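Got the viewer open? Let's take a walk through this one, a selection at a time.

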Amino acid sequence: MDLVSTTSQVSISDRIWSVLIVLGLVTVMSWGLILTSNLSGRGAADDLNYHWLAIQQFSQQLPSPDLSDYPSATTPGYHLLLSPFVKVGFGHMGIQLIASAWTLAMFGFLTWVLANRFGKVSTILMLPMITSMYVFYPGVWLLPDNAGWFGVLLILMLSLKEHATWKTWALSSVILFALVWIRQIHIWIAGVIWFSAWLGTIEEAPSPSKLFSNVINRSGRTVIAVGLTIPAASAIVWFVATWGGLVPPTFQGLHQGPNLATPGFILTQLAILSVFFVPMLWESIKDTWKHQWSWVLVAALIGMALGIVPESSYSYDAGRYSGWWNLINKLPVIAQRSPVYVLGSISGSVLLVVWFNLVNRRDAWIWIGAFIAFVLAQSANHASWQRYHEPMLLIMFLLILARSNRVKRPELSMRWLVIGSCALAGMLAVLTTGSLLNANPVETQIQHESSEGDSL
């Protein structure tokens with residue numbers, strides 16, 4: 001398969017088989033845990049202590065649920081959709097099976113997109129997503145994460161369309177409205193819709209020096225896109241007014257940031273995940289340095305600033321714990337700064353330039369805008385948790401690969417891509433399996449521990 005191909009050479013049957021294989025694997029893994037009534041670990045704790053309680057509360061209040069306060073820090077769309085099933089008699093396990101449809105829909109759609117370029121090889125490339133605990137857990141327990149990521153994925157795909165029109169922005173805005181009812185923090189992707197309109201078609205995608213050229217036409221399109229997202233923004237305003245804050249009253253004071261360590265932590269995660277693809281990216285790394293060395297240096301300086309300025313030692317009180325923070329906690333720290341974190345922030349910034357250099361100019365602009373908006377939104381949260389970040393990074397990698405048109409030496413790159421995906425999936429599978437095996441039953445944990453994330 002030619003990785004550089006710009007048109008699909010994959011048969012419909014191969015794409016369908018790819019989707020069925022991935023969905024079969026995800027179903028066996030997630031339903032296997034559901035049907036064994038596994039109620040141990042962080043995922044089950046957040047499920048039973050928060051989201052399941054909210055679903056039950058709404059089911060008891062139907063047809064007029066009280067949205068002013070309930071046992072979840074997220075907007076209530078996920079819980080409202082599931083509450084009628086409880087009303088008619090479904091128990092916890094039945095609701096888990098129904099809720100897994102969000103995860104299956106996300107995996108099915110992403111595999112279909114990826115298979116358009118890679119055919120059945122896409123089943124291997126999807127393995128890191130499948131084995132990541134931060135994607136897998138919401139497919140087992142009642143967590144709204146994957147429902148939110150599915151909405152983000154759909155809007156990203158629409159924003160990446162080469163010839164987007166007002167109909168594209170309108171459809172994106174409808175999805176955005178539903179999305180913010182599930183996870184209010186994802187309002188950040190409204191900025192991607194606006195930026196997509198500003199950029200225009202692939203032929204109109206500007207160079208950096210021309211980003212603000214043709215202002216009248218760009219502004220006109222953007223105003224239309226902004227207007228179409230007003231319903232989603234209005235929904236957020238209504239929730240803030242109803243709650244008296246960004247989260248329901250029960251959770252106010254627990255999630256508000258900012259956390260200045262989050263940008264560097266996201267870049268560190270990007271660097272760690274990218275390590276497995278360095279052999280595949282090597283030719284592009286050399287090409288990027290040769291032709292875009294100035295951007296590499298700018299990225300390195302930004303990464304250095306983001307790595308050095310904030311404190312980056314392990315700190316529960318400062319929201320720097322769980323996931324890779326636990327690894328940082330085991331390594332030396334200088335003046336409350338982790339050398340690993342600083343190096344990860346610099347490396348992640350540079351590798352971000354390399355990843356974005358794999359796609360056409362318009363796609364690269366969309367990813368720049370999406371990444372900045374995503375990081376800013378996550379930085380507003382007190383908790384700098386890997387589970388809020390890793391799924392987005394994995395989705396970004398896969399969509400860039402699916403749309404890449406600048407990979408050097410494609411046959412060799414394909415081989416390294418497969419090897420890298422298998423190696424990354426292996427690492428994530430070990431972490432996920434270890435987390436499951438070491439998990440304690442929910443009833444043995446005090447409630448505040450349910451939000452402490454996962455250890456390495």
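Is Leu158 buried or exposed? Select Leu158 and look around: its relative accessibility is 14%, so the residue counts as buried, the cut-off for that being under 20%. You'll find Leu158 in helix H8, which covers residues 145-159. Show its surroundings, skipping neighbours within four places in sequence, and Leu158 turns out to be in contact with Thr168, Leu171, Ser172 and Ile175. Now draw a distance from Leu158 to Ile400: they are 242 residues apart along the chain, and their C-alpha atoms are separated by 14 Å.

**Zoom out**

Before the next stop, take in the whole chain, bearing in mind that this is a predicted model. Switch to cartoon and you'll see 19 helices and 0 strands. Along the principal axes, the C-alpha trace spans about 60 × 50 × 50 Å. A compact globule of 456 residues would have a radius of gyration near 23 Å, and the chain's 22 Å agrees with that.

Colour by burial next: 54% of the 456 residues are buried. Put a surface on, and the accessible area comes to about 18,600 Å², with 68% of it belonging to carbon and sulfur atoms. Charges make a good overlay too. There are 24 positive and 21 negative side chains, and the centres of the two sets lie 12 Å apart.

If you have a contact map handy, count the contacts between residues at least 6 apart in sequence: 81% of them join residues at least 24 apart.

**Colour by confidence**

The mean pLDDT is 93, and 94% of the residues reach 70 or more. Over residues 444-456, though, the pLDDT is below 50, and this stretch has 36 contacts in the model beyond near neighbours in sequence. Then select residues 1-7: pLDDT stays under 50 here as well, and the model has 23 contacts for them beyond four places in sequence. Where pLDDT is low, the predicted coordinates should not be read in detail.

**Backbone oddities**

Where is the cis peptide bond on this tour? Go to Leu62 and Pro63, which it joins, with omega at about 10 degrees. Pro63 sits in the loop between helix H2 (41-61) and helix H3 (77-87).

Next up is Asn214, in the loop between helix H10 (190-199) and helix H11 (215-228). Check its phi: the value is near 50 degrees, positive in a residue other than glycine. Its relative accessibility is 41%, so Asn214 counts as partly exposed.

Gln336 is another one to check, with a positive phi of about 65 degrees although it is not a glycine. You'll find Gln336 in the loop between H15 and H16. At 41% relative accessibility, Gln336 counts as partly exposed.

**Along to H16**

Stay in that loop and pick Ser338, which lies between helix H15 (324-329) and helix H16 (339-356). Ser338 has 0% relative accessibility and therefore counts as buried. What is Ser338 in contact with, leaving aside neighbours within four places in sequence? Show the side chains of Ser312, Ile328, Pro332 and Val333 and you have the set.

Move on into helix H16 and stop at Val340. With 34% relative accessibility, Val340 counts as partly exposed. Draw a C-alpha to C-alpha distance to Gly307: the two are 33 residues apart in sequence and 9.4 Å apart in space.

**H17 and the loop after it**

Select residues 361-379 to light up helix H17, then pick out Val375 in it. Val375 has a relative accessible area of 9%, so it is buried. Leaving aside neighbours within four places in sequence, Val375 is in contact with Pro263 and Ile266. Leu267 is worth labelling too: it is 108 residues from Val375 along the chain, and their C-alpha atoms are separated by 9.4 Å.

The last stop is His382, in the loop between H17 and helix H18 (390-403). Is His382 buried, exposed or partly exposed? Its relative accessible area is 26%, so His382 is partly exposed. Finish by drawing a line from His382 to Leu254: these residues are 128 apart along the chain, and their C-alpha atoms are separated by 7.5 Å.

Notes:
Residues numbered from 1 in each chain as written. Predicted model: local features only at pLDDT ≥ 70, side-chain atom pairs only at ≥ 80, totals over all residues. Heavy atoms only, no water. Helix = DSSP H or I, 4+ residues; strand = E, 2+ residues; numbered from the N terminus. Rg over C-alpha atoms; globule rule 2.2 N^0.38 Å. Buried < 20%, exposed > 50% of the residue type's maximum accessible area, 1.4 Å probe, protein only. Contact = heavy atoms within 4.5 Å. Areas by Shrake-Rupley, 256 points an atom, 1.4 Å probe, with all protein chains shown as cover. Lys, Arg positive; Asp, Glu negative; His and termini not counted. Charge placed at Lys NZ, Arg CZ, Asp CG, Glu CD. pLDDT = per-residue confidence, 0-100.
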